[in-house]
Amino acid sequence: MSASAEQAAPASDFLRVMRERGYVHQMSDEAGIDALAREGSLNTYVGYDCTAGSLHIGSLVSIMMLHWLQATGAGRPVVLMGGGTTRVGDPSGRDESRQILSVEKIEENKAGIRTNFERLIRFGDGPTDAVMVDNAEWLTKLNYIDFLRDVGRHFSVNRMLSMDSVRLRLERDQELSFLEFNYMCLQSYDFVELNRRLGVRMQMGGSDQWGNIITGLDLGRRMGSPQLYALTCPLMTTASGVKMGKTASGAVWLKADMLSPYGYWQFWRNTEDADVGRFLRLFTLLPLDEVARLEALGGAEINEAKKRLATEATALMHGREAAEAAAETARLTFEQGALADDLPSVSIPAAEFEAGLGVLSAFTRSGLVSSNGEARRQIKGGGLKVNGDTVASDAAVLSMRDVVAGAVKLSLGRKKHVLLKPE
């Protein structure tokens, strides 16, 4: 069902942007998608389960796809919150069952996730204004016997067992609960229900969702829906093969109170050289000729392209003012060695500085290292600094004499810094 990249240029602005910027991995019917997009009737949804209080970078590509759907006038973006499916758990790409969350926790997470879309998608009542719905509205009202009779009879267990999300777990002899096995049935039913309620004709998602999405297409055909469509994007990995969304220090969250705009800016600033052009196309709104200019920079100049990527990506998620402040913080910290007020900070009782705060404890409590053992290893390699000076001994002690402009700057390598502030 996947479309060939050798086909004629798309007639719709939406598919042209999708291809030029690198969002397309597979499509079920390129000609059909293109025609609906050109008419402005390609209402499209992406589903997000409510497993945390924010989405992370791994979900950002699908949010950008919804942004471009709206920006090109192709149709209405529909953001589906998985208040119902989160109670089941998606087995895709997992080796074990998800933790079952309480209804209260799911609602709390859903409220946090809503804010991830505010700067990228316009919500409202117009024909291409986005809407946000929750599949708990219909899934929690289903009668099990009726669902089995009216919907379940259209699913082939043989085919379900062949789906990667199921097959890989079984091949590794890892348990797959009956609860999770039902997930693709519920996701497929979401597609049919959204078509009935909102005229949704396409589902988008990551390439790992392809099997689930086309199962929804098949269910729609069997239950009398008009032709439904699928479009998936590549799973986001860096040039070195690392899956986007998580770092050694944790997930790269989209919500500012879970990861500061400065931390978000730094994530993009640390992009590998080979990824700069691709990420500029996917995660900023810069014109493609400007992307080409930045991508062509070589040598030390590539750092200017990375700073531009960091600032533009941060502006999209957190606003231009926060992005410029993060860029200035980085400039002051790295170029002038100053203590910038909006670096991440940790408060420490002043009495501990007066008594003498061990350097191992200081770095562990700052979050720059996870343990005293890691701190010792970094010190041996010359990787830890206090106020710009390399820590020479793991027996070093910090005192009030080390407090400069109200803080002590701890550094891990050249790019990770935390301020310890006595209070």
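Which residues is Val-418 in contact with, leaving aside its neighbours within four places in sequence? They are Pro-344, Ser-345, Val-346, Ser-366, Leu-368, Val-408, Lys-409 and Leu-410, where contact means heavy atoms within 4.5 Å.

The model described here is predicted, so local features need pLDDT of at least 70 and side-chain atom pairs count only at pLDDT 80 or more, while totals for chains, interfaces and linings use all residues. Residues are numbered from 1 along each chain as its sequence is written, and side-chain values use heavy atoms, with hydrogens and water left out.

## Overall composition

The protein has 19 helices and 15 strands. Helices (H or I, at least four residues) and strands (E, at least two) are DSSP runs, numbered from the N terminus. Of the 423 residues in the protein, 51% are buried. Buried means under 20% relative accessible area, exposed means over 50%, and partly exposed lies in between, with a 1.4 Å probe and protein chains only. Among contacts with a separation of 6 or more, 72% are between residues 24 or more positions apart.

## Three buried residues

Val-418 belongs to strand 15 (residues 416-422). Ala-313 lies in helix 15 (residues 302-318), and Gly-126 is located in the loop between helix 4 (103-114) and strand 4 (131-134). The table gives the relative accessible area of each residue and its C-alpha to C-alpha distance from a residue elsewhere in the chain.

| Residue | Relative accessible area | Partner and sequence separation | C-alpha distance |
|---|---|---|---|
| Val-418 | 7% | Gly-367, 51 residues | 8.2 Å |
| Ala-313 | 3% | Leu-286, 27 residues | 9.9 Å |
| Gly-126 | 19% | Arg-76, 50 residues | 8.6 Å |

## The aromatic cluster

The structure holds eight aromatic pairs. Rings of Phe, Tyr and Trp (its six-membered ring) pair if their centres lie within 6.5 Å; planes under 30 degrees apart count as stacked, over 60 as edge-to-face and the rest as tilted. In one of the pairs, the ring centres of Trp-268 and Phe-279 are 6.0 Å apart and the planes stand at 85 degrees, so this pair is edge-to-face. It links distant parts of the chain, since Trp-268 is in helix 12 (residues 261-269) and Phe-279 is in helix 13 (residues 276-283), eleven residues apart. Trp-268 is buried at a relative accessible area of 0%, and Phe-279 is buried at 2%.

Phe-279 also forms an edge-to-face pair with Phe-283, with 5.7 Å from centre to centre and 70 degrees between the planes. Both residues lie in helix 13, four residues apart, about one turn of the helix. An α-helix has 3.6 residues a turn, so residues three or four places apart point the same way. Phe-279 and Phe-283 are both buried. One aromatic cluster is formed by Tyr-264, Phe-267, Trp-268, Phe-279 and Phe-283. Ala-313 touches Tyr-264, Trp-268, Phe-283 and Thr-284, not counting residues up to four places away in sequence.

## Helix packing and the nonpolar cores

Helix 1 (residues 13-21) packs against helix 3 (residues 57-71) at an angle of about 145 degrees, with the axes 9 Å apart. Axes are lines fitted to C-alpha atoms, for helices over the stretch in contact, and angles run from 0 to 180 degrees between N-to-C directions. Phe-14, Val-17, Met-18 and Arg-21 of helix 1 make the contact with Met-65, Trp-68 and Leu-69 of helix 3.

The largest nonpolar core contains 69 residues, of which Phe-14, Leu-60, Trp-268 and Phe-283 touch the most other members. A nonpolar core is a set of buried Ala, Val, Leu, Ile, Met, Phe, Trp, Tyr and Cys residues joined through side-chain atoms within 4.5 Å. Helix 3 supplies the largest share of this core, nine residues. Apart from it lies another core, of 30 residues, among them Val-88, Met-184, Phe-191 and Ile-213. In soluble globular proteins, nonpolar side chains tend to be buried together.

## Helix 2

In helix 2 (residues 30-39), the residues Glu-30, Gly-32, Ile-33, Asp-34, Leu-36 and Ala-37 are buried. Their cover includes helix 1, strand 1 (26-27), strand 5 (202-206) and strand 6 (229-233). Gly-40, which follows helix 2, has a positive phi, near 80 degrees.
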